[in-house]
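Here's a quick tour of one protein chain, made for reading with the 3D view open. Turn the structure around as you go and look up each residue when its name comes up.

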Amino acid sequence: MNLAVAIDDLHPEQGWGCEGDVQVDYLSSLNKDFGVKFTLFCPSYYHHQYELTKDWIDFWLQYDWVELSNHGHYHDVKKYTKEQIGEQEYLELNYQEAKDRVKESLSLWKSCGHIPKGFRSPGWGISQESANAVSEHFEWVAQHQDINRGITFNCKTLYGEDGIHSSDNLKLYNDTFMFQSHIQGTWNDNVWNEENYLHFQQVIEYLLSQYELKFVTMSELK
């Protein structure tokens with residue numbers, strides 16, 4: 001069985017995935033102790049405040065157990081309010097708008113010396129027109145089997161959203177345990193705090209007692 005761990009919303013803000021953050025220690029420990037790998041979904045210009053930088057990208061790329069993936073550009077909305085649709089950036093865009101947004105995001109990634117293979121839409125939601133545009137620029141997308149029901153992509157589509165804070169009714173997606181989390185944020189339960197870190201250690205130990213696990217990034221599932 002494969003086991004993949006995804007983490008959303010990392011960006012160059014202290015506490016959200018920077019050198020010296022305690023979350024980095026948690027991830028490093030899980031890799032050292034078990035061999036866990038991580039796919040990090042990073043907005044390229046989070047909330048119009050935190051642009052990706054080459055130094056930040058290079059910090060993460062030093063680890064061979066990390067994959068950096070695209071998580072939108074602004075992780076924010078313009079046409080609608082957050083009260084209406086949250087931060088589902090690609091839910092409010094038509095085809096051309098989404099295509100332009102992806103190009104803008106990838107231009108910033110390229111300036112930092114790295115082009116991500118995968119994509120997850122901020123807040124999961126995405127319009128079909130946006131999905132069409134996204135499919136033209138990424139090898140694969142990671143989506144939610146319920147929230148994105150009826151949305152199709154013209155590229156590899158990976159499903160799975162079990163939280164790192166969960167232990168009951170864990171699902172196998174084909175032959176993969178797929179865990180979802182957020183690096184930070186008081187509005188999420190599946191963040192990388194000490195409680196969830198210790199809990200996830202126990203989940204890994206249990207799964208290792210039941211299965212022969214291969215720890216992978218999401219691109220390695222292809």
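Start with G86: if you skip its neighbours within four places in sequence, G86 is in contact with V77 and T81. Keep in mind that this is a predicted model. From G86 we'll move on to the helices, the strands, the cores and a few single residues.

**The loop around G86**
- You'll find G86 in the loop that sits between helix 3 (82–85) and helix 4 (95–111).
- Is G86 buried, exposed or partly exposed? Its relative accessible area is 23%, so G86 counts as partly exposed.
- G86 and D76 are 10 residues apart along the chain, and 7.9 Å separates their C-alpha atoms.

**Helix 4, from start to finish**
- At the start of helix 4, look for N94: one of its side-chain oxygens comes to within 3.2 Å of the backbone nitrogen of Q96.
- How far should the 17 residues of helix 4 span? At 1.5 Å a residue the answer is 24 Å, and the end C-alpha atoms are indeed 24 Å apart, so the two agree.
- Some of helix 4 is tucked away: A98, K99, R101, V102, S105, L106, L108 and W109 are its buried residues.
- Those buried residues pack against strand 2 (38–42), strand 4 (50–51), helix 2 (54–61), strand 5 (66–70) and helix 5.
- After helix 4 comes G113, which has a positive phi, near 90 degrees.

**Helix 6**
- Try the ruler again on helix 6 (residues 194–210): its 17 residues should span 24 Å at 1.5 Å a residue, and its end C-alpha atoms are 25 Å apart, which agrees.
- The buried residues here include N196, Y197, H199 and F200, and also Q201, V203, I204 and L207.
- What covers them? The cover includes strand 1 (2–8), helix 1 (22–34), strand 10 (176–182) and strand 11 (214–216).

**Strand 7 and its partners**
- Strand 7 (residues 140–143) is covered on both faces, with W140 and A142 buried on one side and V141 and Q143 buried on the other.
- Strand 6 (residues 118–119) runs parallel to strand 7, and 2 bridges join them. F119 has V141 as its bridge partner in strand 7.
- To get from strand 6 to strand 7, the chain goes through helix 5 (residues 128–135), making a right-handed β-α-β crossover.
- Strand 7 also pairs with strand 8 (residues 156–159), in the parallel sense and over 4 bridges. There, A142 has L158 as its bridge partner.

**The nonpolar cores**
- The largest nonpolar core has 53 residues, and F38, W60 and W192 have the most contacts inside it.
- Leaving out neighbours within four places in sequence, W60 is in contact with L10, G17, V24, L27, L40, V66 and L68.
- There's also a second, separate core of 11 residues, and A6, F41, M218 and L221 are among them.

**R120, a buried arginine**
- R120 is in the loop between strand 6 and helix 5.
- R120 counts as buried because its relative accessibility is 1%.
- Which side chains does the R120 side chain meet in polar contacts? One is D8, at 3.1 Å, and another is Q180, at 2.6 Å.
- Not counting residues up to four places away in sequence, R120 touches A6, D8, F41, N70, H71, G72, A142, Q143 and Q180.

**N190, another buried loop residue**
- N190 is in the loop between strand 10 and helix 6, and its relative accessible area of 9% is why N190 is buried.
- A polar atom of the N190 side chain lies 3.2 Å from the backbone oxygen of Q180, and the side chains of N190 and H182 are joined by a polar contact of 2.9 Å.
- Beyond its neighbours within four places in sequence, N190 has contacts that include G163, I164, H165 and N196.

**R149, out in the open**
- R149 is in the loop between strand 7 and strand 8, and it counts as exposed because its relative accessibility is 60%.
- The R149 side chain makes a polar contact of 2.5 Å with the side chain of D146.
- From R149 to L106 it's 26 Å, C-alpha to C-alpha, with the two 43 residues apart in sequence.

Terms used:
Residues are numbered from 1 along each chain as its sequence is written. This is a predicted model: local features need pLDDT of at least 70, side-chain atom pairs count only at pLDDT 80 or more; totals for chains, interfaces and linings use all residues. Side-chain values use heavy atoms; hydrogens and water are left out. Helices (H or I, at least four residues) and strands (E, at least two) are DSSP runs, numbered from the N terminus. The expected span of a helix is 1.5 Å times one less than its number of residues. Buried means under 20% relative accessible area, exposed over 50%, partly exposed in between (1.4 Å probe, protein chains only). Contact means heavy atoms within 4.5 Å. Two strands pair if DSSP finds at least two bridges between them. A crossover is right-handed if, with the strands pointing away from the viewer, the path from the first strand over the helix to the second runs clockwise. A nonpolar core is a set of buried Ala, Val, Leu, Ile, Met, Phe, Trp, Tyr and Cys residues joined through side-chain atoms within 4.5 Å. A polar contact is a pair of N or O atoms within 3.5 Å; within protein, one must be able to donate a hydrogen and the other to accept it, and residues adjacent in sequence count only if both atoms are side-chain atoms.
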